[in-house]
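Ready for a short walk through a protein model? Open your viewer, and we will go from stop to stop together.

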Amino acid sequence: MEILENYMLNSSSVALLPGYSMDYETIVIEEMKTLYVKQSMMSIVHESCLFIGLTTYEARKKVIAKMTAFLRKTPILFSDTKDICFFHTHGNHNLNNHWFSANHILDIHSSKNKNHCNVYLMNGMQMEVPCSKVSFQNLYNRALALLTIQQTNPSERMKRIT
């Protein structure tokens, strides 16, 4: 198993999962592979905002919250031109927090484990996530709404912000 120092989100990034390991902090699921990264999830998110979107995480979150009124657990659109949009399941400092790409979710089912759900990904993977189906579905729907806003013309987007 190879452990990477850093990672940058991209269009084949599917999910960021907590590593729960002394050797790596984040498990990155991509379409075709799983990566183990020493960098924390929030460091990946912050650096990806700067690199892909040329803005800070805080600035992007603030604009998105204003556009959508999603003040908590705000989904993040990493680029104005690419459909790289992630949402998270818990607060950013919660050890069970997971980040998912809205473009890679296939289906969501209830789990036998209360307050968990089974998430089916486009790459064929399935995982149990410590988040209820209703909550996960709501967070996913927010991310889809954000992607819809991104696809509207720029003058309409500006009306939402001002």
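In which sense do strand β6 and strand β7 pair, and over how many bridges? Select residues 85-88 for β6 and residues 99-101 for β7: the two pair in the antiparallel sense over 3 bridges. Strands here are DSSP runs (E, at least two residues), helices are runs of H or I with at least four, and both are numbered from the N terminus. Two strands count as paired if DSSP finds at least two bridges between them. Now click on F87; its bridge partner in β7 is F100.

Before moving on, note that this is a predicted model, where local features need pLDDT of at least 70 and side-chain atom pairs count only at pLDDT 80 or more, while totals for chains, interfaces and linings use all residues. Residues are numbered from 1 along each chain as its sequence is written, and side-chain values use heavy atoms, leaving out hydrogens and water.

**The sheet of 7 strands**

Next, show the whole open sheet, whose order is β1-β4-β3-β2-β7-β6-β5, with mixed pairing. β1 and β5 (76-77) stand at the edges with a single partner strand each, so one side of each has no neighbour in the sheet. Then add helix α1, which lies across β2, β3 (26-30), β4, β5 and β7 and runs at about 145 degrees to β2. Contact means heavy atoms within 4.5 Å, and angles run from 0 to 180 degrees between N-to-C directions of axes fitted to C-alpha atoms, for helices over the stretch in contact.

**A salt bridge**

Select K38 and E5, whose side chains meet in a salt bridge (3.1 Å, N to O). The term stands for a side-chain nitrogen of Lys or Arg within 4 Å of a carboxyl oxygen of Asp or Glu. K38 sits in the loop between β4 (34-37) and α1 (41-53), and E5 in the loop between β1 (3-4) and β2 (13-18), 33 residues apart. A search of the whole structure finds 1 salt bridge.

**The sheet of 3 strands**

Now move to the open sheet with the order β8-β9-β10 and antiparallel pairing. Its twist averages 25 degrees from one strand to the next. β8 and β9 (residues 117-121) pair over 5 bridges, and I105 stands opposite L121 in β9. Add helix α3 (residues 133-151), which lies across β8, β9 and β10.

**Last stop**

Finally, select L106 in strand β8 (residues 105-110). L106 is exposed (over 50% relative accessible area, 1.4 Å probe, protein chains only), at 55%.

Notes: Buried means under 20% relative accessible area, exposed over 50%, partly exposed in between (1.4 Å probe, protein chains only).
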